[in-house]
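Visitor: I should like to learn how to read the features of a protein model. Please take me through them one at a time.

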Amino acid sequence: QVQLVESGGGLVQAGGSLRLSCAASGSIFSINVMAWYRQAPGKQRELVAAIRSGGSTNYADSVKGRFTIYRDNAKKTVDLQMNSLKPEDTAVYYCNCNVQVVTTYRWLEVWGQGTLVTVSS
């Protein structure tokens, strides 16, 4: 009923930048939290950044000052601008949204398929 499509992943050198984008589509009435998670090899999935509908944000300590999360409510997208990338940022990045669907007005947690970010040293 609700889909998240991610884009922007790829290979980048340390110190470089990437911008990830996630577009939500389907029978969406509203979206509360939009977030980016990541999972590095051998590690558990962790929250990278989150943004609420009101605009408040949360960032993992490891990315503060380097990453910025943005949302466009009209387009139903959430972007993650990643600057000063480090090899430690290498991971599969997942989009996550808390979505209220039409008709039933139920809230759902929806995940994207993930996009790989590789930062070379």
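Visitor: Over which ring, 4.6 Å from its centre, does the charged end of Arg 45 sit?

Guide: A charge sits over a ring if NZ of Lys or CZ of Arg is within 6 Å of the ring centre and within 35 degrees of the ring normal. Here the charged end of Arg 45 lies over the ring of Trp 111, 4.6 Å from its centre. Arg 45 also has its charged end over the ring of Tyr 94, at 3.7 Å from the centre. This is a predicted model, in which local features need pLDDT of at least 70 and side-chain atom pairs count only at pLDDT 80 or more, while totals for chains, interfaces and linings use all residues. Residues are numbered from 1 along each chain as its sequence is written, and side-chain values use heavy atoms, with hydrogens and water left out.

Visitor: How many aromatic pairs does the structure hold?

Guide: Rings of Phe, Tyr and Trp (its six-membered ring) pair if their centres lie within 6.5 Å; planes under 30 degrees apart are stacked, over 60 edge-to-face, and the rest tilted. The structure holds 2 such pairs. One of them joins Phe 29 and Tyr 105 edge-to-face, with 5.0 Å between centres and 85° between planes. Phe 29 belongs to strand 4 and Tyr 105 to the loop between strand 9 and strand 10 (107-111), so the pair ties together parts 76 residues apart in sequence. Strands (E, at least two residues) are DSSP runs numbered from the N terminus.

Visitor: Which residues touch the most other members of the largest nonpolar core?

Guide: A nonpolar core is a set of buried Ala, Val, Leu, Ile, Met, Phe, Trp, Tyr and Cys residues joined through side-chain atoms within 4.5 Å. Buried means under 20% relative accessible area, exposed over 50%, and partly exposed in between (1.4 Å probe, protein chains only). The largest core has 32 residues, and those touching the most other members are Trp 36, Val 48, Phe 67, Val 78, Leu 80, Met 82 and Tyr 93. Strand 9 gives the most to this core, with 6 residues.

Visitor: Where is Thr 103 found?

Guide: Most residues other than glycine have a negative phi. Thr 103, in the loop between strand 9 and strand 10, has a positive phi of about 70°. Thr 103 is exposed, with a relative accessible area of 70%. Lys 76, in the loop between strand 7 and strand 8, likewise has a positive phi, near 60°. Lys 76 is partly exposed, at 28% relative accessible area.

How values were computed. Helix = DSSP H or I, 4+ residues; strand = E, 2+ residues; numbered from the N terminus.
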